[in-house]
Amino acid sequence: MEIVEGIGIGIAVVLAAILILFVRRAVVTRSGGIIRLGVRVTTVLDGRGWSPGFGRFVGDELRWYRLFSFALRPKRVLSRKELVVERRRLPEGQERFSMPADWVILRCTSQHAPVEIAMARSTVTGFLSWLEAAPPGAASPRLASSDWPAA
């Protein structure tokens, strides 16, 4: 009987954890402005270190939440005022196996630290529009290069 009780408790804990993940995502995404987004959290091995998640636009910030986390706070916050896109590229090597085929990788600088983010090609246009947003007639210094290769 003790084994059956242990298995039952284990199943209850797993189901509770899954429920908490779904409730967390519902709370974080309740007001819209959500995109699928991967962030490279480590560069120790080439092509590895990508963590899946979703980003939420809140004013001048892009808040990134890990997909499999219980935290209600974002893991990383990127400020539009400090974020500059240096270049974009297609996934290479091992990266092609860790993300969808239609994704693009953007190498950015935020607070003088490099950050790589990956998102769907269709999402890049909206992200760049948000990044460049400025009052009419003002030039935006957010894009380091205007001669990017077509991705």
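Biologist: Before we get to the pocket in this predicted model, what makes a run of residues a strand here?

Modeller: A strand is a DSSP run of E with at least two residues, numbered from the N terminus. That is why 34-40 is called β1 and 50-58 is called β2. Each of the two supplies at least two residues of the lining of the largest pocket.

Biologist: Which strand gives the most to that lining?

Modeller: β2 does, with five residues. The lining has 14 residues, and nearest the centre lie Leu37, Gly38, Pro52, Gly53 and Trp103. The space inside comes to about 200 Å³.

Biologist: How do you know what the lining is like by class?

Modeller: Count by class: eight nonpolar, four polar and two charged. Watch the glycines, because Gly counts as polar here.

Biologist: And the sheet, what makes β4 and β5 its edge strands?

Modeller: Seven strands form an open sheet, ordered β4-β3-β2-β1-β7-β6-β5, with antiparallel pairing. β4 (76-79) and β5 (83-89) each pair on one side only, so they are the edges. Neighbours in this sheet are turned by 35° against each other on average, ignoring direction.

Biologist: How do you know that β5 and β6 pair?

Modeller: Pairing takes at least two bridges found by DSSP. Six bridges join β5 to β6 (residues 103-110), so they qualify, and they run antiparallel. For instance, Val84 has Thr109 in β6 as its bridge partner.

Biologist: Where does helix α3 lie?

Modeller: α3 (residues 121-132) lies across β1, β2, β3, β4, β5, β6 and β7, and it runs at about 130° to β7 (113-120).

Conventions: Residues are numbered from 1 along each chain as its sequence is written. This is a predicted model: local features need pLDDT of at least 70, side-chain atom pairs count only at pLDDT 80 or more; totals for chains, interfaces and linings use all residues. Side-chain values use heavy atoms; hydrogens and water are left out. On a 1 Å grid over the protein atoms alone, a cavity is a set of points where a 1.4 Å probe fits but cannot get out, and a pocket is an open set with protein on both sides within 12 Å along at least five of seven lines; lining residues have an atom within 4 Å of a point. Grid points are joined across faces, edges and corners, and a volume is the space filled by probe spheres set on the points. Helices (H or I, at least four residues) and strands (E, at least two) are DSSP runs, numbered from the N terminus. Axes are lines fitted to C-alpha atoms, for helices over the stretch in contact, and angles run from 0 to 180 degrees between N-to-C directions. Contact means heavy atoms within 4.5 Å.
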